[in-house]
Amino acid sequence: MQLTLHLTNKCNLGCKYCFVRRGVERMTKEIAFKAIQIGMQGVKTSGILFYGGEPLLERQLIYDIVTHTQQIKKETGHNFFYKMTTNGTLLDEDFLKFAKTYNITIGLSHDGPAQDDCRRFLDGTPSFAHLEDKIALLIKYQPYAIGMSVTDPSTVHKAAAMMQFWYDKGFRYLHLSHNYCRTAPWTGEHLDILRGEYNKMAEMYIKWTKAEHKFYLSPFDAKILSHLKGEKYNADRLLMAMNQPSITPDGRICYSSKYLDNEVFEIGNVFDGLDKARRKVIFDEGNKLPPDCQSCAIRTRCNYGNDSLVADDNGGITTDVSPMQCAHEQLITPIADYAAETLYKGKSALFIQKHYNELYPIMSLVEDMAK
């Protein structure tokens with residue numbers, strides 16, 4: 001099981017598309033340690049994702065949690081792995097040395113050339129310049145750090161430039177997502193722009209792969225994986241999601257980070273334990289193909305699943321796919337297929353190894369360590 005620990009809902013940036021309800025709540029050591037005990041049940045390895053708000057506002061709690069779990073490992077042999085998603089503003093060398101010692105994988109949320117459009121400090125001042133040295137420091141300590149960007153209608157024209165930004169900074173795990181909030185003012189014109197940006201990214205994907213540069217670019221690699229997995233694609237995603245509950249600062253257990261403030265998606269609390277029956281109910285709802293998707297040609301490749309779950313007017317759960325998400329899935333799939341087909345037909349050795357050799361991740365890591 002992987003736990004997402006929302007250490008606080010406080011943040012020092014005011015990102016305009018953030019889905020976390022901002023406040024001053026903080027997680028205590030007691031709640032964190034009880035959550036860890038729940039995450040250890042029935043498994044030999046547990047994952048812990050430090051999340052917020054901005055998790056580095058609770059740096060001491062991160063230190064305490066890692067120290068606590070390392071002591072558990074020493075006493076019981078139970079293994080832990082750690083991840084953190086941060087806006088990067090509070091990163092420094094001391095923390096990065098600590099993260100390196102305990103293999104804390106860091107995902108940096110930054111919108112590249114659109115950073116100051118959406119991600120400013122609370123007083124309105126820009127954050128881009130503040131992060132330049134911190135980005136360089138992060139990639140120095142963590143060559144496998146994850147670069148994470150988000151577009152909304154006002155920044156969609158910079159989507160390809162966001163991914164190029166990460167690549168030029170030395171990042172090789174690049175993640176792009178979009179503001180799917182139903183109040184975000186997406187239009188057909190914005191989707192046309194996004195199509196153009198994805199076409200640019202397809203050429204980037206082909207170019208980098210032909211140059212035998214190892215990288216992961218989402219959503220392209222995810223869509224290629226959906227082709228290879230077929231019917232198993234969403235089933236695997238749903239199982240993964242079911243085993244990644246989120247813990248709020250006050251100790252409530254929620255099905256995922258998307259549903260922190262909706263009691264319909266609560267599946268227990270750290271004091272009384274995990275309600276597995278309730279978790280199964282939500283999982284089963286997410287596993288139902290939404291009615292509007294029954295005849296869709298890409299239904300096995302679409303990221304509907306949990307992403308389409310909403311609370312209904314009667315306090316239950318239903319599926320309601322966001323129009324923007326539906327349009328996005330139809331848009332990205334053929335473009336990703338074009339990139340994949342180009343490389344496959346061109347007999348790209350790296351592409352074939354990456355997607356058709358199950359041992360590739362291990363072989364790649366060994367190769368990198370030998371350099």
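**Reading the core and helix packing**

Mentor: Let's start with phenylalanine 95 in this predicted model. Beyond its neighbours within four places in sequence, phenylalanine 95 is in contact with Leu56, Arg59, Ile62, Tyr63, Met84 and Ile106.

Trainee: What makes these residues count as being in contact?

Mentor: Contact means that heavy atoms lie within 4.5 Å. Phe95 also belongs to the largest nonpolar core, which has 88 residues; there Leu5, Phe50, Phe95 and Phe220 touch the most other members. H7 gives the most to this core, with 9 residues.

Trainee: Which residues belong to another core, apart from that one?

Mentor: That other core has 7 residues, among them Cys15, Tyr17, Phe121 and Val150.

Trainee: Why is H7 called roughly perpendicular to H8?

Mentor: Helix H7 (residues 188–210) and helix H8 (residues 220–229) pack at an angle of about 80°, with their axes 11 Å apart. Angles of 65 to 115 degrees count as roughly perpendicular, so H7 earns that description relative to H8.

Trainee: Which residues meet there?

Mentor: Tyr198, Met201, Ala202 and Tyr205 in H7 meet Phe220, Asp221 and Ile224 in H8. This contact divides into 6 nonpolar, no polar and 1 charged.

Trainee: How do you know that helix H6 is largely enclosed by the rest of the structure?

Mentor: Buried means under 20% relative accessible area. In helix H6 (residues 159–168), 7 of the 10 residues are buried, so H6 is largely enclosed. The buried ones are Ala159, Ala160, Met162, Met163, Phe165, Trp166 and Tyr167. Their cover includes strand S4 (104–109), helix H5 (128–141) and H7.

Note on methods: Residues numbered from 1 in each chain as written. Predicted model: local features only at pLDDT ≥ 70, side-chain atom pairs only at ≥ 80, totals over all residues. Heavy atoms only, no water. Axes fitted to C-alpha atoms, helices over the stretch in contact; angles between N-to-C directions. Helix = DSSP H or I, 4+ residues; strand = E, 2+ residues; numbered from the N terminus. Parallel < 35°, antiparallel > 145°, perpendicular 65-115°, else oblique. Nonpolar A, V, L, I, M, F, W, Y, C, P; charged D, E, K, R; others polar. Buried < 20%, exposed > 50% of the residue type's maximum accessible area, 1.4 Å probe, protein only. Core = buried A, V, L, I, M, F, W, Y, C linked by side-chain atoms within 4.5 Å.
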